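Welcome to a short set of exercises on reading a protein fold. Look over the structure below, then try each task before you read its solution.

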Amino acid sequence: MKRIREAIRDDQAPTRVSASKPWALIVVTLIFAGFVLVRFVAFRQTQPDGVGNQVMAQVPNRYQPERAMRYLQEICKIGPRVTGSPGMQRQRDALARFFQELGGTVTFQNFEIRHPENGESVPVSNLIATWHPNRPKRFLLCAHYDTRPYPDSDRRNPKGYFVGANDGGSGVAALMELSHHLRDLPDDLGVDIVLFDAEEFVWLQDRDDYFLGSKFFAQKYLAEPPAIPYQSGVLLDMVGDRELKIYYEGNSLKYAREVTTGIFRTARSLGGSAFVPRRRHVIQDAHWPLNEIARIPTTDLIDFDYPRPGFGAPSYWHTEQDVPANCSGQSLATVVWVVHQWLLEQSDELTPKG
Ligand SMILES: [Zn+2]
(Lines give C-alpha, C1' and ligand atoms only; values in the text may rest on other atoms or scores of the structure.)
Protein backbone atom coordinates (compact mmCIF):
# COMPACT_ATOMS: atom_id res chain seq x y z
CA MET A 1 0.00 0.00 0.00
CA LYS A 2 0.95 3.60 -0.32
CA ARG A 3 0.79 6.14 2.41
CA ILE A 4 -0.73 9.37 1.22
CA ARG A 5 0.06 11.45 4.26
CA GLU A 6 -0.08 11.47 7.97
CA ALA A 7 -3.43 12.76 9.17
CA ILE A 8 -3.00 16.20 10.63
CA ARG A 9 -4.53 16.45 14.04
CA ASP A 10 -6.00 19.70 15.30
CA ASP A 11 -3.06 20.34 17.60
CA GLN A 12 -0.66 20.08 14.68
CA ALA A 13 -2.49 22.31 12.21
CA PRO A 14 0.03 24.19 10.13
CA THR A 15 0.49 27.83 11.03
CA ARG A 16 0.67 30.37 8.25
CA VAL A 17 3.35 33.00 8.70
CA SER A 18 3.65 36.08 6.58
CA ALA A 19 7.08 36.60 5.00
CA SER A 20 7.03 40.23 6.04
CA LYS A 21 7.24 39.24 9.72
CA PRO A 22 10.48 37.30 10.19
CA TRP A 23 10.25 37.55 14.02
CA ALA A 24 6.98 35.66 13.84
CA LEU A 25 8.71 32.91 11.88
CA ILE A 26 11.43 32.65 14.55
CA VAL A 27 8.88 32.48 17.39
CA VAL A 28 6.82 29.85 15.59
CA THR A 29 9.97 27.85 14.80
CA LEU A 30 11.05 27.91 18.45
CA ILE A 31 7.60 26.86 19.63
CA PHE A 32 7.54 24.06 17.10
CA ALA A 33 11.05 22.90 18.06
CA GLY A 34 10.02 22.87 21.72
CA PHE A 35 6.90 20.91 20.87
CA VAL A 36 8.90 18.34 18.90
CA LEU A 37 11.43 18.00 21.73
CA VAL A 38 8.71 17.42 24.31
CA ARG A 39 7.05 14.84 22.09
CA PHE A 40 10.36 13.11 21.46
CA VAL A 41 11.27 12.95 25.16
CA ALA A 42 7.80 11.69 26.04
CA PHE A 43 8.14 9.05 23.34
CA ARG A 44 11.55 7.87 24.58
CA GLN A 45 10.18 7.62 28.11
CA THR A 46 7.12 5.63 27.23
CA GLN A 47 8.67 3.37 24.61
CA PRO A 48 11.69 1.53 25.97
CA ASP A 49 13.22 -0.89 23.51
CA GLY A 50 11.65 -4.31 23.41
CA VAL A 51 8.50 -3.02 25.07
CA GLY A 52 5.82 -5.65 25.38
CA ASN A 53 2.68 -5.55 23.36
CA GLN A 54 -0.15 -4.17 25.43
CA VAL A 55 -2.88 -5.54 23.29
CA MET A 56 -6.06 -7.21 24.36
CA ALA A 57 -6.01 -8.30 27.93
CA GLN A 58 -7.25 -11.83 27.40
CA VAL A 59 -7.75 -13.25 23.95
CA PRO A 60 -10.08 -16.26 24.39
CA ASN A 61 -8.53 -19.69 23.84
CA ARG A 62 -10.44 -20.36 20.65
CA TYR A 63 -8.27 -17.77 18.88
CA GLN A 64 -4.83 -19.28 18.92
CA PRO A 65 -1.80 -16.96 18.81
CA GLU A 66 0.67 -19.84 18.36
CA ARG A 67 -1.31 -21.29 15.47
CA ALA A 68 -1.63 -17.87 13.79
CA MET A 69 2.11 -17.32 14.20
CA ARG A 70 2.84 -20.74 12.77
CA TYR A 71 0.81 -19.81 9.68
CA LEU A 72 2.82 -16.62 9.31
CA GLN A 73 6.11 -18.51 9.62
CA GLU A 74 5.03 -21.13 7.10
CA ILE A 75 4.09 -18.43 4.60
CA CYS A 76 7.41 -16.65 5.06
CA LYS A 77 9.34 -19.91 4.81
CA ILE A 78 8.20 -20.09 1.18
CA GLY A 79 10.31 -16.97 0.61
CA PRO A 80 9.31 -14.01 -1.56
CA ARG A 81 5.78 -14.35 -3.01
CA VAL A 82 6.07 -11.90 -5.88
CA THR A 83 3.26 -11.99 -8.43
CA GLY A 84 3.92 -14.64 -11.07
CA SER A 85 6.83 -16.20 -9.15
CA PRO A 86 7.21 -19.87 -8.12
CA GLY A 87 6.87 -18.73 -4.48
CA MET A 88 3.47 -17.18 -5.21
CA GLN A 89 2.38 -20.34 -7.02
CA ARG A 90 3.35 -22.50 -4.05
CA GLN A 91 1.55 -20.22 -1.63
CA ARG A 92 -1.55 -20.12 -3.78
CA ASP A 93 -1.79 -23.92 -3.97
CA ALA A 94 -1.16 -24.36 -0.24
CA LEU A 95 -3.80 -21.78 0.68
CA ALA A 96 -6.38 -23.28 -1.66
CA ARG A 97 -5.93 -26.65 0.07
CA PHE A 98 -6.02 -25.00 3.49
CA PHE A 99 -9.29 -23.13 2.99
CA GLN A 100 -10.92 -26.15 1.36
CA GLU A 101 -10.07 -28.28 4.38
CA LEU A 102 -11.84 -25.73 6.57
CA GLY A 103 -15.02 -25.91 4.51
CA GLY A 104 -14.45 -23.07 2.07
CA THR A 105 -15.15 -23.30 -1.65
CA VAL A 106 -12.10 -21.95 -3.47
CA THR A 107 -12.17 -20.22 -6.84
CA PHE A 108 -9.69 -17.99 -8.64
CA GLN A 109 -9.87 -14.83 -10.68
CA ASN A 110 -7.07 -15.17 -13.20
CA PHE A 111 -5.81 -12.48 -15.54
CA GLU A 112 -2.55 -11.28 -17.00
CA ILE A 113 -0.49 -8.14 -16.77
CA ARG A 114 2.63 -6.87 -18.48
CA HIS A 115 5.82 -6.90 -16.49
CA PRO A 116 6.76 -3.22 -16.12
CA GLU A 117 10.48 -3.99 -16.57
CA ASN A 118 10.54 -6.31 -19.58
CA GLY A 119 7.02 -6.30 -21.02
CA GLU A 120 6.55 -10.03 -20.58
CA SER A 121 3.15 -11.44 -19.67
CA VAL A 122 2.73 -12.23 -15.96
CA PRO A 123 -0.13 -14.36 -14.56
CA VAL A 124 -2.15 -12.80 -11.73
CA SER A 125 -4.53 -14.76 -9.54
CA ASN A 126 -6.93 -13.54 -6.86
CA LEU A 127 -7.96 -16.33 -4.50
CA ILE A 128 -11.58 -16.40 -3.30
CA ALA A 129 -12.67 -18.74 -0.50
CA THR A 130 -16.43 -18.78 0.07
CA TRP A 131 -18.49 -19.87 3.05
CA HIS A 132 -22.32 -19.99 2.99
CA PRO A 133 -22.85 -18.23 -0.38
CA ASN A 134 -26.65 -18.17 -0.22
CA ARG A 135 -27.08 -16.49 3.11
CA PRO A 136 -28.71 -13.05 3.15
CA LYS A 137 -25.90 -11.11 4.83
CA ARG A 138 -22.58 -11.48 3.11
CA PHE A 139 -19.27 -9.93 4.09
CA LEU A 140 -15.94 -9.53 2.35
CA LEU A 141 -12.79 -10.17 4.38
CA CYS A 142 -9.62 -9.49 2.42
CA ALA A 143 -5.88 -8.95 2.29
CA HIS A 144 -3.16 -8.93 -0.34
CA TYR A 145 -1.00 -12.02 -0.59
CA ASP A 146 1.76 -10.97 -2.95
CA THR A 147 4.98 -9.40 -1.75
CA ARG A 148 6.94 -6.49 -3.10
CA PRO A 149 9.88 -7.46 -5.35
CA TYR A 150 12.45 -5.56 -3.27
CA PRO A 151 12.72 -3.96 0.17
CA ASP A 152 13.20 -0.63 -1.58
CA SER A 153 12.91 1.45 1.60
CA ASP A 154 15.82 -0.43 3.17
CA ARG A 155 18.67 2.04 3.52
CA ARG A 156 21.34 -0.65 3.59
CA ASN A 157 20.06 -3.09 1.02
CA PRO A 158 17.21 -1.76 -1.14
CA LYS A 159 17.65 -4.61 -3.64
CA GLY A 160 17.81 -7.23 -0.90
CA TYR A 161 15.64 -10.14 0.20
CA PHE A 162 12.06 -9.20 1.07
CA VAL A 163 9.93 -11.74 2.83
CA GLY A 164 7.01 -9.42 3.72
CA ALA A 165 6.01 -10.92 7.08
CA ASN A 166 3.81 -8.02 8.10
CA ASP A 167 3.27 -6.50 4.65
CA GLY A 168 1.86 -9.45 2.73
CA GLY A 169 2.00 -12.27 5.29
CA SER A 170 0.11 -10.97 8.30
CA GLY A 171 -3.23 -10.39 6.59
CA VAL A 172 -3.12 -13.90 5.13
CA ALA A 173 -2.15 -15.52 8.45
CA ALA A 174 -4.93 -13.64 10.27
CA LEU A 175 -7.52 -14.74 7.71
CA MET A 176 -6.27 -18.32 7.99
CA GLU A 177 -6.80 -18.20 11.75
CA LEU A 178 -10.20 -16.58 11.28
CA SER A 179 -11.29 -19.23 8.80
CA HIS A 180 -11.41 -21.78 11.64
CA HIS A 181 -14.56 -19.95 12.76
CA LEU A 182 -16.43 -19.59 9.49
CA ARG A 183 -18.15 -22.96 9.24
CA ASP A 184 -20.13 -22.15 12.38
CA LEU A 185 -21.40 -18.67 11.59
CA PRO A 186 -24.98 -17.73 12.56
CA ASP A 187 -27.55 -18.84 9.96
CA ASP A 188 -27.89 -15.46 8.25
CA LEU A 189 -24.18 -14.76 7.71
CA GLY A 190 -21.88 -15.68 4.83
CA VAL A 191 -18.30 -14.70 4.13
CA ASP A 192 -15.88 -14.48 1.23
CA ILE A 193 -12.21 -14.36 2.05
CA VAL A 194 -10.47 -12.72 -0.90
CA LEU A 195 -6.70 -12.61 -1.26
CA PHE A 196 -5.57 -10.04 -3.79
CA ASP A 197 -2.61 -10.63 -6.04
CA ALA A 198 -0.48 -7.90 -7.67
CA GLU A 199 -1.02 -5.28 -5.04
CA GLU A 200 2.69 -4.59 -4.96
CA PHE A 201 4.05 -5.53 -8.36
CA VAL A 202 6.04 -2.35 -8.06
CA TRP A 203 9.55 -2.48 -9.45
CA LEU A 204 9.89 1.25 -9.63
CA GLN A 205 8.04 3.51 -7.23
CA ASP A 206 5.93 6.21 -8.97
CA ARG A 207 6.02 4.33 -12.27
CA ASP A 208 4.25 1.05 -11.53
CA ASP A 209 0.61 0.56 -10.58
CA TYR A 210 -0.58 -0.71 -7.23
CA PHE A 211 -3.63 -2.87 -6.33
CA LEU A 212 -4.06 -4.53 -9.71
CA GLY A 213 -5.76 -7.52 -8.08
CA SER A 214 -8.26 -5.52 -6.07
CA LYS A 215 -8.96 -3.23 -9.05
CA PHE A 216 -9.73 -6.26 -11.21
CA PHE A 217 -11.95 -7.71 -8.47
CA ALA A 218 -13.82 -4.42 -8.04
CA GLN A 219 -14.39 -3.98 -11.78
CA LYS A 220 -15.69 -7.52 -12.08
CA TYR A 221 -18.01 -6.99 -9.12
CA LEU A 222 -19.38 -3.86 -10.76
CA ALA A 223 -19.80 -5.48 -14.19
CA GLU A 224 -21.32 -8.71 -12.89
CA PRO A 225 -22.98 -7.90 -9.57
CA PRO A 226 -23.61 -11.00 -7.43
CA ALA A 227 -27.15 -12.00 -6.49
CA ILE A 228 -26.41 -11.17 -2.87
CA PRO A 229 -24.14 -8.13 -2.59
CA TYR A 230 -21.70 -7.66 0.25
CA GLN A 231 -22.94 -5.65 3.20
CA SER A 232 -19.41 -4.39 3.78
CA GLY A 233 -15.76 -5.33 3.66
CA VAL A 234 -12.80 -5.52 6.01
CA LEU A 235 -9.25 -5.31 4.70
CA LEU A 236 -6.40 -6.52 6.90
CA ASP A 237 -2.94 -5.16 6.21
CA MET A 238 0.10 -5.02 8.50
CA VAL A 239 -1.78 -6.50 11.45
CA GLY A 240 1.10 -8.59 12.80
CA ASP A 241 3.20 -5.83 14.40
CA ARG A 242 4.52 -6.95 17.79
CA GLU A 243 3.52 -3.57 19.16
CA LEU A 244 0.07 -3.48 17.69
CA LYS A 245 -1.68 -0.11 17.51
CA ILE A 246 -4.43 0.23 14.96
CA TYR A 247 -5.79 3.74 14.39
CA TYR A 248 -8.65 4.92 12.24
CA GLU A 249 -7.36 5.16 8.67
CA GLY A 250 -8.48 8.28 6.82
CA ASN A 251 -9.97 6.73 3.68
CA SER A 252 -11.82 4.16 5.77
CA LEU A 253 -13.59 6.95 7.65
CA LYS A 254 -14.33 8.71 4.39
CA TYR A 255 -15.81 5.71 2.57
CA ALA A 256 -16.88 3.29 5.29
CA ARG A 257 -17.39 5.21 8.50
CA GLU A 258 -20.06 2.91 9.90
CA VAL A 259 -18.01 -0.25 9.44
CA THR A 260 -14.87 1.43 10.73
CA THR A 261 -16.35 2.90 13.90
CA GLY A 262 -18.36 -0.29 14.44
CA ILE A 263 -15.24 -2.45 14.54
CA PHE A 264 -13.47 -0.06 16.90
CA ARG A 265 -16.56 -0.08 19.13
CA THR A 266 -16.42 -3.87 19.23
CA ALA A 267 -12.70 -3.68 20.07
CA ARG A 268 -13.43 -1.27 22.89
CA SER A 269 -16.11 -3.54 24.32
CA LEU A 270 -13.60 -6.40 24.41
CA GLY A 271 -11.02 -4.31 26.28
CA GLY A 272 -7.33 -3.70 25.68
CA SER A 273 -5.48 -0.92 23.93
CA ALA A 274 -4.59 -2.18 20.46
CA PHE A 275 -7.38 -0.29 18.68
CA VAL A 276 -7.15 3.46 19.10
CA PRO A 277 -10.26 5.31 17.85
CA ARG A 278 -8.34 8.29 16.50
CA ARG A 279 -7.51 9.16 12.91
CA ARG A 280 -3.82 8.89 12.09
CA HIS A 281 -2.64 7.87 8.63
CA VAL A 282 -4.33 8.20 5.27
CA ILE A 283 -3.47 5.16 3.20
CA GLN A 284 -4.17 4.27 -0.38
CA ASP A 285 -4.67 0.56 -0.06
CA ALA A 286 -6.62 -2.30 -1.64
CA HIS A 287 -9.81 -0.90 -0.07
CA TRP A 288 -9.68 2.07 -2.42
CA PRO A 289 -10.95 0.23 -5.57
CA LEU A 290 -13.48 -1.68 -3.46
CA ASN A 291 -14.97 1.56 -2.17
CA GLU A 292 -14.50 3.74 -5.22
CA ILE A 293 -15.28 1.27 -8.03
CA ALA A 294 -17.33 -1.53 -6.48
CA ARG A 295 -19.00 0.67 -3.85
CA ILE A 296 -18.48 -1.94 -1.17
CA PRO A 297 -18.01 0.03 2.06
CA THR A 298 -14.66 -1.39 3.11
CA THR A 299 -12.48 -0.45 6.03
CA ASP A 300 -8.72 -0.89 6.23
CA LEU A 301 -7.43 -2.23 9.53
CA ILE A 302 -3.76 -1.33 9.34
CA ASP A 303 -0.99 -0.59 11.80
CA PHE A 304 1.14 1.56 9.60
CA ASP A 305 3.59 2.42 12.40
CA TYR A 306 5.88 -0.57 12.24
CA PRO A 307 7.21 -1.11 14.86
CA ARG A 308 5.65 1.72 16.83
CA PRO A 309 4.03 5.13 16.63
CA GLY A 310 6.06 8.13 17.66
CA PHE A 311 8.44 10.77 16.46
CA GLY A 312 11.81 9.38 15.42
CA ALA A 313 10.73 5.73 15.59
CA PRO A 314 12.29 3.40 13.01
CA SER A 315 10.16 1.81 10.32
CA TYR A 316 10.46 -1.78 9.11
CA TRP A 317 8.00 -1.11 6.29
CA HIS A 318 9.47 -2.24 2.92
CA THR A 319 12.77 -3.19 4.55
CA GLU A 320 14.63 -6.42 5.23
CA GLN A 321 13.44 -6.07 8.84
CA ASP A 322 9.89 -7.06 7.87
CA VAL A 323 10.37 -10.58 9.20
CA PRO A 324 8.35 -12.91 11.50
CA ALA A 325 10.58 -12.01 14.47
CA ASN A 326 9.10 -8.51 14.36
CA CYS A 327 5.55 -9.88 14.34
CA SER A 328 3.50 -11.62 17.02
CA GLY A 329 0.81 -14.27 17.14
CA GLN A 330 -0.81 -12.33 19.95
CA SER A 331 -1.35 -9.36 17.64
CA LEU A 332 -2.76 -11.58 14.89
CA ALA A 333 -5.12 -13.33 17.32
CA THR A 334 -6.28 -10.01 18.73
CA VAL A 335 -7.30 -8.74 15.31
CA VAL A 336 -9.00 -12.05 14.51
CA TRP A 337 -10.92 -11.88 17.77
CA VAL A 338 -12.16 -8.34 17.11
CA VAL A 339 -13.14 -8.98 13.48
CA HIS A 340 -14.88 -12.25 14.31
CA GLN A 341 -16.83 -10.70 17.19
CA TRP A 342 -17.81 -7.75 15.01
CA LEU A 343 -18.97 -10.21 12.34
CA LEU A 344 -21.14 -12.07 14.83
CA GLU A 345 -22.69 -8.78 15.89
CA GLN A 346 -23.86 -8.26 12.29
CA SER A 347 -26.23 -11.21 12.63
CA ASP A 348 -29.91 -10.55 13.27
CA GLU A 349 -30.16 -13.82 15.12
CA LEU A 350 -29.95 -13.89 18.84
CA THR A 351 -26.72 -15.78 19.17
CA PRO A 352 -24.64 -16.02 22.25
CA LYS A 353 -21.29 -14.37 21.73
CA GLY A 354 -19.20 -17.10 20.18
ZN1 LIG B 1 3.85 -2.84 0.93
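Before we start, a definition: angles under 35 degrees count as roughly parallel, over 145 as roughly antiparallel, 65 to 115 as roughly perpendicular and the rest as oblique. The model is a predicted one, where local features need pLDDT of at least 70 and side-chain atom pairs count only at pLDDT 80 or more, while totals for chains, interfaces and linings use all residues. Residue numbers start from 1 along each chain, as its sequence is written.

**Exercise 1. Describe how α2 packs against α4.**

Step 1. Find the helices: α2 covers residues 65-77 and α4 covers residues 165-178. Helices (H or I, at least four residues) and strands (E, at least two) are DSSP runs, numbered from the N terminus.

Step 2. Take the geometry. The two helices pack at an angle of about 135°, with axes 8 Å apart. Axes are lines fitted to C-alpha atoms, for helices over the stretch in contact, and angles run from 0 to 180 degrees between N-to-C directions.

Step 3. Classify the angle: α2 and α4 are therefore oblique to each other.

Step 4. List who meets whom. From α2 come R67, A68, Y71, L72, I75 and C76, and they meet A165, G169, S170, V172, A173, A174, M176 and E177 of α4. Residues are in contact if their C-beta atoms, placed from the backbone, lie within 7 Å.

Step 5. Sort the contact of α2 with α4 by class: 10 nonpolar, 2 polar and 2 charged residues. Here Ala, Val, Leu, Ile, Met, Phe, Trp, Tyr, Cys and Pro count as nonpolar, Asp, Glu, Lys and Arg as charged, and the others, Gly among them, as polar.

**Exercise 2. Do the same for α4 and α9.**

Step 1. Helix α9 spans residues 329-345, and α4 packs with α9 at an angle of about 55°, the axes being 9 Å apart.

Step 2. That angle makes α4 oblique to α9.

Step 3. In this contact, α4 contributes S170, A173, A174, E177 and L178, and α9 contributes L332, A333, V335, V336, V339 and H340.

Step 4. The classes in the contact of α4 with α9 are 8 nonpolar, 2 polar and 1 charged.

**Exercise 3. Which strands stand at the edges of the sheet?**

Step 1. Write down the order: the open sheet of 6 strands runs β2-β3-β5-β4-β6-β10, with mixed pairing. Two strands pair if DSSP finds at least two bridges between them.

Step 2. Look for strands with a single partner: β2 (105-114) and β10 (298-302) are at the edges, so one side of each has no neighbour in the sheet.

Step 3. Add the twist, which averages 20° from one strand to the next.

Step 4. Zoom in on one pair. Strands β3 (residues 121-131) and β5 (residues 189-196) run antiparallel and are joined by 5 bridges.

Step 5. Link sheet and helix: α4 lies across β4 (137-144), β5 and β6 (230-237), at about 145° to β4.

**Exercise 4. Are H132, A198 and D209 buried or exposed?**

Step 1. Learn the rule: a residue is buried if 20 or more other C-beta atoms, placed from the backbone, lie within 10 Å of its own, exposed if 12 or fewer, and partly exposed in between.

Step 2. H132, in the loop between β3 and β4, has 21 such atoms within 10 Å, so H132 is buried.

Step 3. A198, in the loop between β5 and α5, has 28, so A198 is buried.

Step 4. D209 has 12, so D209 is exposed.

Technical notes
Two residues are in contact if their C-beta atoms, placed from the backbone, lie within 7 Å.
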